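The following exercises concern one protein chain. Each task is followed by a solution that proceeds step by step.

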Amino acid sequence: MSAVSDILKQVTIPKMVRVKQSFPRPRIEDVKAAVLAELKRPEIAERLKPGKRIAVGVGSRGITNYQLIVRTIVDELKQIGAKPFIVASMGSHGGATVEGQTEILAGYGITEEAMGCPLCIGTGTQVIGTTQDGLPVQIDAFAAQADGIIVVNRIKAHTAFMGDYESGLMKMLAIGLAKQAGADYCHAKGFGHMAETVPKFGKAIIQYSKLLFGLAIVENAYDDTYIVRAVPAESIAQEEPKLLLEAKANMSRILIPEADVLIVHEIGKNISGDGMDPNVSGTFATPYAHGGIKAQRVAVLNITQESHGNTVGWGMADVSTRKAFDSFDMDKTYPNSLTCRVTQVSKVPMIFQNDEECIKAAIKTCADVDVEHMRIVYIKNTLHMKEILVSEALVDIARSIPQAEVCGECEPLTFDEQGNISDTYF
């Protein structure tokens, strides 16, 4: 037995019970029909001309129905005689390489074969103008040569700052479509200025590029598509803040406000830009945003395969596992931090051999707590909040929450011979 195992062997993991959380669930039943209806609105349809080469900008997040939505746009463009092609609008993600960004898109089912149009993935940019204070504005070189541009993105709360424009169309323009070089420029003054920087560059791109419209997506707390809205380029500045308020009102969250330990079964770039959305987990890397559960320690057990080795956000965990460490790829992870200038998210937590020791370490390192009644919340990830597990000490609190339902009896977590979680709890 190792010295670490010897220290942790006396730590007891409390019994846990399943809790169902309920949130409002407005959603679109026929997403394809909803997208087509938006594209056929007169103020949108009149922008789509036969024979024109149209760049469709897509990003690097796990968006529900993303493949369907993008394919519907491409098919409609082809139907009216336009010539669509797809460009990667994801800044420095995918290691800021052609191969990495192509791999990310393929993971979301966005390939030339699936989309029925070319993918033009590159790292080059073209300067198209300047901001009001004279800074160069650049966008993807392929998109700059197109006859028109459409961007398709989800509107949601950002993980590092708060403002009228957070994650959405404006950010996809200012940082995503601008590739690594433009993203680096936007992040130069830090997240303390991002609420002003994003619209400054985004509005300049709207002014100087051939942007036709943005297709905005809003999801509910269950990740269902709730809104699809084609927003004319000149209306994005006015309309996006309204959609952001809708998105925030329909966010999933942990209804338990405070715990000693938060266990996150998996994090990943397909889940959040920060691996685990701090608006849920409370693991903010900057002082410019706040919210989520308040927990003294955070344990992360796994990195999703869809992250392709990019472990941004893992550094916000206190403890993790050997298998998560084995997923870590510096070349995929560090470009994000080098570009956004936030190093904490790319650090490595304390590493333990398996899930059991990792959880015990999180418990062991808590200070000034009731060790006989540890308050623990265990979630699958920060996207899926329908069911969570809570320890015995939190059962009464869970029962007092109208939107929460305690299901069954408290039982021990089960581990396999390697010490990893052996049950599929979610």
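**Exercise 1. Salt bridge between distant loops**

Arg27 has a relative accessible area of 42% and is therefore partly exposed. The model under study is a predicted one.

Task: Determine which side chain Arg27 meets in a salt bridge, and where the two residues lie.

Solution.
1. The partner is Asp224, with an N to O distance of 3.9 Å. The cut-off for a salt bridge is 4 Å, so the pair qualifies.
2. Asp224 belongs to the loop between strand 7 (211-219) and strand 8 (225-232), while Arg27 belongs to the loop between strand 1 (16-21) and helix 2 (31-39). With these positions 197 residues apart, the pair links distant parts of the chain.
3. Asp224 has 15% relative accessibility and hence counts as buried, because the limit for that class is under 20%.
4. The pair also belongs to a network of salt bridges that links Arg25, Arg27, Glu29 and Asp224.
5. Arg25, a member of this network, lies over the face of Tyr222, 4.3 Å from the ring centre.

**Exercise 2. Two further salt bridges**

Task: The structure holds 22 salt bridges. For Glu239 and Glu258, identify the partner of each and state how far apart in sequence the residues of each pair are.

Solution.
1. The side chain of Glu239 meets that of Lys242 at 3.3 Å, N to O.
2. Both Glu239 and Lys242 are in helix 11 (residues 236-249); they are three residues apart, about one turn of the helix.
3. Glu239 is partly exposed, at 25% relative accessibility.
4. Glu258 forms its salt bridge with Arg375, and the closest N and O atoms are 3.9 Å apart.
5. Here the pair links distant parts of the chain, 117 residues apart: Glu258 is in strand 9 (residues 258-264), and Arg375 is in the loop between helix 15 (355-364) and strand 13 (376-379).
6. Glu258 counts as partly exposed at 35% relative accessibility, and Arg375 counts as partly exposed at 26%.

**Exercise 3. Classification of aromatic pairs**

Task: The structure holds eight aromatic pairs. Classify the pair Phe325 and Phe328, then explain why the pair Tyr378 and Phe426 is edge-to-face.

Solution.
1. A pair of aromatic rings is described by the distance of the centres and the angle of the planes.
2. For Phe325 and Phe328, the values are 6.4 Å centre to centre and 50 degrees between the planes, and the pair is tilted.
3. Phe325 is partly exposed at 31% relative accessibility, whereas Phe328 is buried at 18%.
4. For Tyr378 and Phe426, the centres are 5.1 Å apart and the planes stand at 90 degrees, so this pair is edge-to-face.
5. Tyr378 lies in strand 13 and Phe426 in the segment after strand 15 (404-411), so the pair ties together parts 48 residues apart in sequence.
6. Tyr378 is buried, at 0% relative accessibility; Phe426 is partly exposed, at 28%.
7. Ring pairs also link Phe325 and Phe328 with Trp314 and Tyr334 into a cluster.

**Exercise 4. Surroundings of two residues**

Task: Decide whether Gly148 and Ser89 are buried or exposed, and list their contacts beyond four places in sequence.

Solution.
1. Gly148 lies in strand 6 (residues 148-154) and is buried, with 0% relative accessibility.
2. Gly148 touches Arg53, Ile54, Ala55, Lys210 and Leu212.
3. Ser89 is placed in the loop between strand 3 (83-88) and helix 5 (98-107). With a relative accessible area of 4%, Ser89 is buried.
4. The contacts of Ser89 are Gly57, Val58, Gly59, Met172, Gly176 and Leu177.

Terms used. Residues numbered from 1 in each chain as written. Predicted model: local features only at pLDDT ≥ 70, side-chain atom pairs only at ≥ 80, totals over all residues. Heavy atoms only, no water. Helix = DSSP H or I, 4+ residues; strand = E, 2+ residues; numbered from the N terminus. Buried < 20%, exposed > 50% of the residue type's maximum accessible area, 1.4 Å probe, protein only. Contact = heavy atoms within 4.5 Å. Phe/Tyr/Trp six-rings, centres within 6.5 Å; stacked < 30°, edge-to-face > 60°. Lys NZ or Arg CZ within 6 Å of the ring centre and 35° of its normal.
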